[in-house]
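Trainee: I've got a protein chain open on my screen and I don't know where to begin. Could we go through it together, one question at a time?

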Amino acid sequence: MSIAIITHDECLAHDTGAKHPENHIRLEKVQAALHNSSQKGQFDFFESPLADDAQILRGHSENYLQKVKDIIPTEGTVNLDEDTIMSSGSLNAARRSAGGAIKAVDLVCGADAQYKVAFAAGRPPGHHALYDSSMGFCVFNNVALAAAHAIEAYGLKRVALLDFDVHHGNGTQQILDHNREHKGHDTLFISFQESDIWPYNKDENTVKNDHTLNYPMPTLAPVEMYYDAFNNEIIPALEAFKPELIIISAGFDAHRDDPPGEALFNDAPGRQLLVEKDFDWMTMRLLDIAHKYGQGRVVSVMEGGYSPDVLARSVVSHVETMLEYSKTLADTSKKVA
């Protein structure tokens, strides 16, 4: 068994400027770390395709897509919103980032799929991007587009998404709600986020219902709070939902050592205490559910993380955990059978 890794160097051409926290160094460090992993022999690398207009319109409006196309400069940079900067290479980078998440779904859900787990490493990230606008470094909502692709291209009935980025996946929540209302998509969205930090949307990030479970955490929350939420609420909710595919918004800015400074561009950063083993534990619990109900299928998509070395280290640990634990679950099933 191997894991599919989807990335593309064109994502590095999204030039946000050296002082912007979401810059090309993040992805360069992640790509290098993946290629230096001791498990690299079991990583199968794929190039992220360009998401086409039809795929993007599964989660965004025509007006917004046209706005993104029209704003791209021939040189220099422009602001798509207060925090999201665009350069001449940004449109293709955003299409590659979305296309990588969609390709990950193809690799685990296709009729001749050879993979159970896949990781898409692209930029710009996506989980703040709304149906009709950009937000917070994000242009297209990669995980929401991946979920819509799984449902519309492969006929999946139930897709669960879990976001452990330190910031609320507000765009994902909004687009999933939109697609549920207008297209009948059946999704379950689960999000950890630090309360009272950007994007300051307490009315949204405290929602809990049959299709959305939010877990706002206090600053420097005891790590046990994450474990308790998983054991007491999240796992039972996933058991009840029985997802055919799990998609992870894998942001690592809730890591104890991220970010390195006291500011994250225009706002104070989140501050949490998680380390690699905690993200890996959550990953394994999601793999347990995927193995039970979804043929072991998990797609993970990179989101935040603004200390590049910490991000790279966390990504490699996450990917190696996905690979090794998937193999363990498969071996256990063979022995039981």
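What follows is a chat about this predicted model, starting with the whole chain and moving on to single residues.

Trainee: Let's start simple. How many helices and strands does the secondary structure of the chain come to?

Mentor: Try tracing the ribbon from one end to the other and counting as you go. The secondary structure adds up to ten helices and ten strands.

Trainee: What radius of gyration does the chain have, next to that of a compact globule?

Mentor: The C-alpha atoms fill a box of roughly 60 × 45 × 45 Å along the principal axes. For 337 residues, a compact globule would come out near 20 Å. The chain agrees with that, because its radius of gyration is 18 Å.

Trainee: And what share of the residues counts as buried?

Mentor: Let's look at the outside before the inside. The accessible surface is about 12,900 Å², and 49% of that belongs to carbon and sulfur atoms. As for the 337 residues, the share that counts as buried is 61%.

Trainee: Among contacts with a separation of 6 or more, what percentage comes from residues 24 or more positions apart?

Mentor: Here you compare places in the sequence for each pair in contact. Pairs 24 or more positions apart make up a share of 77%.

Trainee: Which helix gives the most to the largest nonpolar core?

Mentor: That core has 55 residues, and F164, F192, F230, I234 and V315 have the most contacts inside it. Nine of the core's residues come from one helix, at residues 308-336, and that's the top contributor: helix 10.

Trainee: Which residues is V315 in contact with, leaving aside its neighbours within four places in sequence?

Mentor: V315 is one of the residues with the most contacts inside the largest core. Once you skip the sequence neighbours, its partners are V30, L34, F119, F252 and M302.

Trainee: How many residues are in the second, separate core?

Mentor: You can find it by looking for A4, V105, L156 and V301, which are among its members. Its size is 25 residues.

Trainee: On to helix 4. How far apart are its end C-alpha atoms?

Mentor: Helix 4 is mostly covered, with 17 of its 20 residues buried. At 1.5 Å a residue, residues 90-109 should span 28 Å. The distance in the model agrees with that: 29 Å.

Trainee: Which residues of helix 5 are buried?

Mentor: Helix 5 covers residues 142-154, and its ends are 17 Å apart where 18 Å is expected, so the two agree. Ten of its 13 residues are buried. They are N142, V143, A144, L145, A146, A147, A148, H149, A150 and I151.

Trainee: Is H168 buried or exposed?

Mentor: Find H168 in the loop between strand 6 and helix 6. Its side chain makes a polar contact with the side chain of N201 at 2.9 Å, and its other contacts include H127, H128 and F189. Its relative accessibility is 1%, under the 20% cut-off, so H168 counts as buried.

Trainee: What about T206? Which backbone oxygen does its side chain reach?

Mentor: T206 is in the loop between helix 7 and strand 8. At 42% relative accessibility it counts as partly exposed, and beyond its sequence neighbours it is in contact with N214 and P216. Its side chain reaches, at 2.9 Å, the backbone oxygen of K202.

Trainee: Which residue does a cis peptide bond join to W198?

Mentor: Most peptide bonds are trans, so a cis one deserves a second look. The bond from R123 to P124 is cis, with omega near 5 degrees. At W198 omega is about 10 degrees, and the cis bond leads to P199.

Trainee: Last one. What is the phi of F265?

Mentor: Most residues other than glycine have a negative phi. K242, which isn't a glycine, has a positive phi of about 55 degrees. F265 is in the loop between strand 9 and helix 9 and is partly exposed, with a relative accessible area of 33%. Though not a glycine, F265 has a positive phi of about 60 degrees.

Notes:
Residues numbered from 1 in each chain as written. Predicted model: local features only at pLDDT ≥ 70, side-chain atom pairs only at ≥ 80, totals over all residues. Heavy atoms only, no water. Helix = DSSP H or I, 4+ residues; strand = E, 2+ residues; numbered from the N terminus. Buried < 20%, exposed > 50% of the residue type's maximum accessible area, 1.4 Å probe, protein only. Polar contact = N/O pair within 3.5 Å; in protein donor to acceptor, adjacent residues only side chain to side chain. Contact = heavy atoms within 4.5 Å. Expected span 1.5 Å × (residues − 1). Core = buried A, V, L, I, M, F, W, Y, C linked by side-chain atoms within 4.5 Å. Rg over C-alpha atoms; globule rule 2.2 N^0.38 Å. Areas by Shrake-Rupley, 256 points an atom, 1.4 Å probe, with all protein chains shown as cover.
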